[in-house]
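Student: Please take me closely through one part of this structure, the aromatic pair inside a helix, and then set that part in its surroundings.

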2 protein chains.
Amino acid sequence: MQTITVKLEQRSYDIDVGVHHLSAAQKLVAALPTPRAIIISNTTVAPLYGQALEDALNTAGVITKTLNLPDGEAFKTLETLDSIFDFLLINAVDRNTTLIALGGGVIGDIVGFAAATYQRGMPFVQVPTTLLALVDSSVGGKTAVNHPRGKNMIGAFYQPKYVLADIGVLSTLPSREFNAGLAEVIKYGLILDARFFDWLETNIDALLARDYAALEYAVARCCEIKAQVVAADERETAKEGGRALLNLGHTFGHAIETGLGYGQWLHGEAVACGMLCAAKFSQQFCGFDAASVARVKHILERANLPIALPSIDKLTTQDMLYHMGRDKKNEAAQIRLILMRKIGEAFVDGTHSADKISDFIASNRS
Amino acid sequence: MQTITVKLEQRSYDIDVGVHHLSAAQKLVAALPTPRAIIISNTTVAPLYGQALEDALNTAGVITKTLNLPDGEAFKTLETLDSIFDFLLINAVDRNTTLIALGGGVIGDIVGFAAATYQRGMPFVQVPTTLLALVDSSVGGKTAVNHPRGKNMIGAFYQPKYVLADIGVLSTLPSREFNAGLAEVIKYGLILDARFFDWLETNIDALLARDYAALEYAVARCCEIKAQVVAADERETAKEGGRALLNLGHTFGHAIETGLGYGQWLHGEAVACGMLCAAKFSQQFCGFDAASVARVKHILERANLPIALPSIDKLTTQDMLYHMGRDKKNEAAQIRLILMRKIGEAFVDGTHSADKISDFIASNRS
């Protein structure tokens, strides 16, 4: 097991990356300020891991209640959030009880936001059960729900008290979701760590075969990179680089997700396609070389991820631009993209006009 | 004009208490990180003060847009919040634009919560237009919306960048709302400042006549007390005293508000009745003397505030207990009351059983 600490002064916390340690809940229990917890999961994950977690907590003397939400990005809404508040109020849950998010990115984001806002804030813990959640969404304190007009538009920065990252849960993850998680793994190599990108090219087969050793290395490395970035720029206020770099592929990707309707493409799939867009855009305007574009394309293909934009009859270029124009990174209506100078070296670029971006998208449509 | 600083390190901000300085917006403009602002008000306040504020900002080169919400506590909901998000997204508002809350406590609370959660946080400024907002809700960063099951149950601690407290706006405030604000003014004397309570007894007629000098003194003193309490305990985590003391009368009061349905009684009216409950409960169980109870009752009567609990056919004792059982201050299902040893000396007391509180309420019903 490896422990990675996210260093944020009094908000610091540990991520324990290991294999099959979900039931070894000592550190989780130690993170709870009172022996009361609410486990919030979904109807897919709860039957697999809910009982083991509940038993571990109950054995340690923690009183638990469980709420299972419907599964999927389409449910990451204010309405679902309200159903969580209903449950908490019906059960007279106080603000010193801990919310435990057991699930993927959707569960982590919505439960984190519920914890940030129920009675103005209660403790929470993340137990991620997808690759995407393990390497990305469970770390760093970004919580949110979607709005029909934009992905993750409503949320808060709110750090968990602890992250229990059990690689063992990946054994039951459907391939499509596993591959979508690989998109975020690849992202870390592209933005900040060329050597890790090399390692991924060499080890992609082991990862796809769900080799625990390869997965533990990859997950821990992603968490290390993210912990560093978050520690340096917790609330994404850095003018250059910083936390915004973690958005590589996300400006195009969020527009795909929102434009198609949540749940049509998985988040990681949209990010994969968005990263190739960013690579090609970087080639065209920022000197990113053709060989690197080919490497990006190749590894995404190896991971069975979509690399072509949705067809025009499903998502017009105009609609994509509309959604990119509402991206959270924008300032004074200027779209800000995350681009690459080379593999492992991403940067924020707010110098390209909407017309130029529109032309680029149009010329990349099939 | 008096300036009171709320000292919260990098989140510190000034409250400028003055008369008719709404249009002198230099300090407000200086508090904006970019020359873009959204003024959110309601259909009652906007026709009175919206144009003056907008003109002052536009003259200083700030681009503004305005959204007017329906007026009243019944609209402090997740649904109204969603309508703010809609407006912001339709107008492609970015997270460096400032939200300006122009209105009373409802506007301040909901706009503050929108600012806390839109794109995970944007700057905001308070321009309070009721006595209650001037002395209490605009200071200290508590933002929230109500839930059908509980007052202010969903919210965040989120500090404004600046508070423009213009006493002049009180000239247009309806008497019922003015009196409700006096309840919170009286509260500050009761919890922490016996001399201020003496001053209020002496000057209640001047306040009711809306004498600007008396009002400026009272508002500034309330803001000073609140700024001190908030600086010492920003997130209400102190075990003894601290921010929870500001809840004198609110445990009973919130139960009245929620139980009757939001908007039946004004918040300050419910707090007034709740403070007399707290005084009587303190007399019965904590040595608060009968003469002090009489003083509390007398000043509330002078301010034309309700001192009798709603009748049983409108709100049963059982319902009141139900709502008190969901108060945010509670811990492990134990109701925590704010009580008084003497005038100017409040404390938190979590030692009384629900049965005892229930008997107390029942014996105080007409």
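Tutor: Helices here are DSSP runs of H or I with at least four residues, numbered from the N terminus. The model is predicted. In chain A, helix H10 covers residues 267-286 and holds both Phe281(A) and Phe285(A). The two residues are four apart, which is about one turn of the helix. An α-helix has 3.6 residues a turn, so residues three or four places apart point the same way.

The rings of Phe281(A) and Phe285(A) form an aromatic pair, with centres 4.6 Å apart and 50 degrees between the planes. The pair is classed as tilted, because planes under 30 degrees apart count as stacked and those over 60 degrees as edge-to-face. A search of the whole structure finds 16 aromatic pairs over all chains.

The two members are covered to unlike extents. Phe281(A) counts as buried because its relative accessibility is 0%, and the limit for buried is under 20%. Phe285(A) has a relative accessible area of 32% and is therefore partly exposed. The pair also belongs to a wider group: Phe252(A), Phe281(A), Phe285(A) and Phe360(A) form one aromatic cluster.

Chain B has a matching pair. Phe281(B) and Phe285(B) lie in H10(B), four residues apart, again about one turn of the helix. Their rings are tilted, at 4.6 Å centre to centre and 50 degrees between the planes. Phe281(B), at 0% relative accessible area, is buried, while Phe285(B), at 33%, counts as partly exposed.

The relation between the chains comes next. A rotation of 180 degrees with 0.0 Å of shift along its axis superposes chain A on chain B, with an RMSD of 0.0 Å. That is the relation of a two-fold axis. The C-alpha of chain A nearest this axis belongs to Leu78(A), 4.0 Å away from it. Both copies use the same surface, since 100% of the contact residues of chain A recur in chain B.

H10 of chain B (267-286) is also among the elements that cover the buried residues of helix H9(B). Others in that cover include strand E8 (150-157), helix H6 (175-192), helix H12 (317-324), strand E10 (337-342) and helix H13 (354-363) of chain B. H9(B) spans residues 250-260, and 10 of its 11 residues are buried. Among the buried ones are His250(B), Phe252(B), His254(B) and Glu257(B). After H9(B) comes Gly261(B), with a positive phi near 100 degrees.

Rings elsewhere in the model meet charged side chains. Arg210(A) lies over the face of Phe178(A), 4.3 Å from the ring centre. In chain B, Arg341(B) lies over the face of Phe347(B), at 4.1 Å from the ring centre.

The sheet can now be added. In chain A, seven strands form an open sheet of mixed pairing, in the order E1-E2-E9-E6-E5-E3-E4. Strand E1 (2-6) and strand E4 (63-69) of chain A stand at the edges with a single partner strand each, so one side of each has no neighbour in the sheet. Neighbouring strands are turned by 15 degrees against each other on average, direction ignored. E1(A) and strand E2 (13-18) of chain A run antiparallel and are joined by five bridges; Val6(A) stands opposite Tyr13(A) in E2(A). Helix H4 (105-117) of chain A packs on this sheet, touching E3, E4, E5 and E6 of chain A, and its direction makes about 170 degrees with that of E5(A). Helix H8 (212-232) of chain A touches E1 and E2 of chain A, at about 15 degrees to E1(A).

Chain B has an open sheet with the order E1-E2-E9-E6-E5-E3-E4 and mixed pairing. Within it, strand E6 (124-128) and strand E9 (162-166) of chain B pair in the parallel sense over two bridges, and Val125(B) has Tyr162(B) in E9(B) as its bridge partner. Helix H2 (46-59) of chain B packs on the sheet, touching E3, E4, E5 and E6 of chain B, with its direction at about 170 degrees to that of E3(B).

A last buried site is in helix H3 (78-90) of chain B, where Ile84(B) is found. With 0% relative accessibility, Ile84(B) counts as buried. Leaving aside neighbours within four places in sequence, Ile84(B) is in contact with Ile40(B), Leu67(B), Leu69(B), Ile110(B) and Ala114(B).

Methods:
Residues numbered from 1 in each chain as written. Chains lettered and ligands numbered in written order. Predicted model: local features only at pLDDT ≥ 70, side-chain atom pairs only at ≥ 80, totals over all residues. Heavy atoms only, no water. Pairing = 2+ DSSP bridges. Contact = heavy atoms within 4.5 Å. Axes fitted to C-alpha atoms, helices over the stretch in contact; angles between N-to-C directions. Least-squares fit on C-alpha atoms with pLDDT ≥ 70 in both. Buried < 20%, exposed > 50% of the residue type's maximum accessible area, 1.4 Å probe, protein only. Phe/Tyr/Trp six-rings, centres within 6.5 Å; stacked < 30°, edge-to-face > 60°. Lys NZ or Arg CZ within 6 Å of the ring centre and 35° of its normal.
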